[in-house]
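Colleague: Please take a close look at the sheet and what surrounds it. I would like one connected account.

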Amino acid sequence: MSNADKPRLVTTRWWWVRHAPVREDNGCIYGQEDLGCDCGDRIVFEAVGKILPRNAVWYASNLKRTHQTAHAIWAAGFPKPMEMPHVHAFAEQHLGQWQGMNRAAFIASRPIGSHWFGAFDEPAPGGESFLDLYNRVCAAIERINLEQAGKDVIVVAHGGTIRAAVALALGGLPEKGLVFDIDNCSVTRLDHLASEGHSGWRLQMVNQQPWIADASHDAMHQPSGPEVEPPSTKLA
């Protein structure tokens, strides 16, 4: 078979960035509550920007912590895109009545070894299950794969959203996505490969933390809630 006869392979590269740490949650579950995040550690955003592709299309969820994180990456030197549509389907899981509950106490009440707030198909009272989140995220990914085929796609989103994307790449197994850690500001790359009549995914990297070689990275590993001591790399 000549090269001209070979099926054309289209690769769409997805770069998922989780939002920066939330400090104003008072140790409580926040889910889809629209809280702000701490974008003060410039070294982190410079490092993230260095591994993200230029000339990409950008998306974010509708929650402001993802918008703040994107602006922090641009403020650290990454070229600002012309636009960044807000996609409601990329929002975090709606945790219903669990939102506002003490996170540590809630997690302690769950079975040992639990990877999420509930089983993947367990809806939060008055909210969603992870499966609900997975289904809406997958629908948005499929739409954007058609609209932006062959491009680099950067999405600033949430831990649950990115786990759903990983689960899709693992073959459509939502429960498998829950075993992954997705840290604040980490980068996850998933490539969608498509040719005539065939498609699939390649996991290039998950939960990459490009600032890890810098001693100041410890600032990004503080638990949720107010900072104990501001890092020296904080912007004035």
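Modeller: What follows goes from the sheet to its helices, and then to three loop residues. Keep in mind that this is a predicted model.

Start with the sheet. It is open and has 5 strands, in the order 2-3-1-4-5. The pairing is mixed. Strand 2 (57-60) and strand 5 (198-208) are the edge strands, and each pairs on one side only. On average, neighbouring strands are turned by 20 degrees against each other, direction ignored. In general, strands of a sheet pair through backbone hydrogen bonds, either parallel or antiparallel.

Now the edge at strand 2. Strand 2 pairs with strand 3 (residues 152-157) in the parallel sense, over 4 bridges. Alanine 60 has valine 156, in strand 3, as its bridge partner. Helix 2 (residues 64-75) packs on the sheet here. Helix 2 touches strand 1 (10-18), strand 2 and strand 3. The direction of helix 2 makes about 145 degrees with that of strand 2.

Helix 5 (residues 159-169) also belongs in this picture. Helix 5 lies across strand 1, strand 3, strand 4 (187-195) and strand 5. Relative to strand 1, helix 5 runs at about 150 degrees.

Next, the loops that lead into strands. Most residues other than glycine have a negative phi. Asparagine 55 has a positive phi, near 60 degrees. Asparagine 55 sits in the loop between helix 1 (42-51) and strand 2. Is asparagine 55 buried or exposed? Asparagine 55 counts as exposed, because its relative accessibility is 81%, and the cut-off for exposed is over 50%.

Cysteine 185 also has a positive phi, near 70 degrees. The loop that holds cysteine 185 runs between helix 6 (174-177) and strand 4. Cysteine 185 has 1% relative accessibility, so it counts as buried; the cut-off there is under 20%.

Last, a loop between two helices. Glutamate 128 is in the loop between helix 3 (103-109) and helix 4 (130-147). Glutamate 128 counts as buried because its relative accessibility is 16%. Which side chain does the side chain of glutamate 128 meet in a polar contact? That of arginine 136, at 2.9 Å. Leaving aside neighbours within four places in sequence, glutamate 128 is in contact with Gln32, Glu92, Gln93, His94, Glu122, Pro123, Leu133 and Arg136.

Key:
Residues numbered from 1 in each chain as written. Predicted model: local features only at pLDDT ≥ 70, side-chain atom pairs only at ≥ 80, totals over all residues. Heavy atoms only, no water. Pairing = 2+ DSSP bridges. Axes fitted to C-alpha atoms, helices over the stretch in contact; angles between N-to-C directions. Contact = heavy atoms within 4.5 Å. Buried < 20%, exposed > 50% of the residue type's maximum accessible area, 1.4 Å probe, protein only. Polar contact = N/O pair within 3.5 Å; in protein donor to acceptor, adjacent residues only side chain to side chain.
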